[in-house]
Amino acid sequence: MKHGLEIDGSTPVLVQGITGRAARLHTGLMRRYGTHIVAGTSAGKSVQAGADVDGVPVFTDCKAAVLATGARASIAMVPPLAVLGAVREAIDAGIGLIVTIAEGVPVHDAMKVKRMADEAGVRWVGASTPGLCVPGQIKLGFLPDVALKPGPLGVMSKSGTLSYEVCYRLARRGIGQSAWIGVGGDLVKGTRFADLLPFFGERDDTRAVLAVGEIGGTEEEELALALQHSGFGKPVFVLLAGAQAKEGVTMGHAGALVHGDTGTLQSKRAALLKAGARVHTNIEALVADVCTAAMDLEIPSL
């Protein structure tokens, strides 16, 4: 079954907004990691024939780029107010996987992007995300190389910085990732935890799953329901951040909203434990549990 996330080192990638300063920097870093970047676009700017960014050809629009290079995945490095137009353009060009990294995408724009992507059968990761990676093969975004290591742990995360720290500590202990997908902390997003269970469930190289979550929203409760109803047979570890957050204090993520008895640490923990997940509220305990489980389950490098 196709999930729109089947990428590797041979996947041709398009960078939208490649001529921007940050995009130039991260294009170089992604290429150095091994990502097969074949084209870029510079929307709203005239592009001279033969223009390039460090050898990557630059086109005026996605259709021209796809026609010339066969790009199948796109990472949009554009400002938040330009995300809607960038995704529409990529979908119209036939791109099957679109990653958007900008923080502050308006909720109404994100709702429109979500509807467009669903109707077109396109996988959208965002609105804001640090990206995704198949370690040792391809990286879309700015996940830190020091935390990346090929291995059997499927990682999905709402928090970029927390996942960096967790994966860095595990990688130092020899436990790497089969795939790492940052779903982001937005209220409206293209890919949620529960959406990724079939993807990780069907991957032979994924022996266990790690979800890095936080208080607020209902995503972890949705994951718990999906675990119960899907019969997911692989171990699931969960980190729930925000145990020390004070009531009434504004959280950093737009999706970190608590409504009554839902979205709380207690409600998430109870739902996930009921679904069979191994739940922790601090990094040290999580890392120790994963390492212990690696020995108990006799899983190489996990």
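1. Strands here are DSSP runs of E with at least two residues, numbered from the N terminus. The model is predicted: local features need pLDDT of at least 70, side-chain atom pairs count only at pLDDT 80 or more, and totals for chains, interfaces and linings use all residues. Residues are numbered from 1 along each chain as its sequence is written, and side-chain values use heavy atoms, without hydrogens or water.

2. Backbone, D54. This residue sits in the loop between β3 (52–53) and β4 (56–59). Its phi is positive, about 50°, although D54 is not a glycine. Most residues other than glycine have a negative phi. D54 is exposed (over 50% relative accessible area, 1.4 Å probe, protein chains only), at 57%.

3. Backbone, G126 to A127. The peptide bond is cis, with omega near 25°. A127 belongs to the loop between β7 (123–125) and β8.

4. Cavity search. A cavity is a set of points on a 1 Å grid over the protein atoms alone where a 1.4 Å probe fits but cannot get out. Points are joined across faces, edges and corners; a volume is the space filled by probe spheres set on them. The whole structure yields one cavity of 30 Å³ or more. The largest cavity has a volume of about 50 Å³.

5. Lining (residues with an atom within 4 Å of a point). The largest cavity is lined by L5, I7, L132, C133, V134, A179, W180, I181 and F199. β8 (131–134) and β11 (177–182) each supply at least two of the lining residues. The split is nine nonpolar, no polar and no charged. Nonpolar covers Ala, Val, Leu, Ile, Met, Phe, Trp, Tyr, Cys and Pro; charged covers Asp, Glu, Lys and Arg; the others, Gly among them, are polar.

Methods:
1 Å grid on protein atoms, 1.4 Å probe; cavity = no way out; pocket = protein on both sides within 12 Å on 5 of 7 lines; lining within 4 Å. Helix = DSSP H or I, 4+ residues; strand = E, 2+ residues; numbered from the N terminus. Buried < 20%, exposed > 50% of the residue type's maximum accessible area, 1.4 Å probe, protein only.
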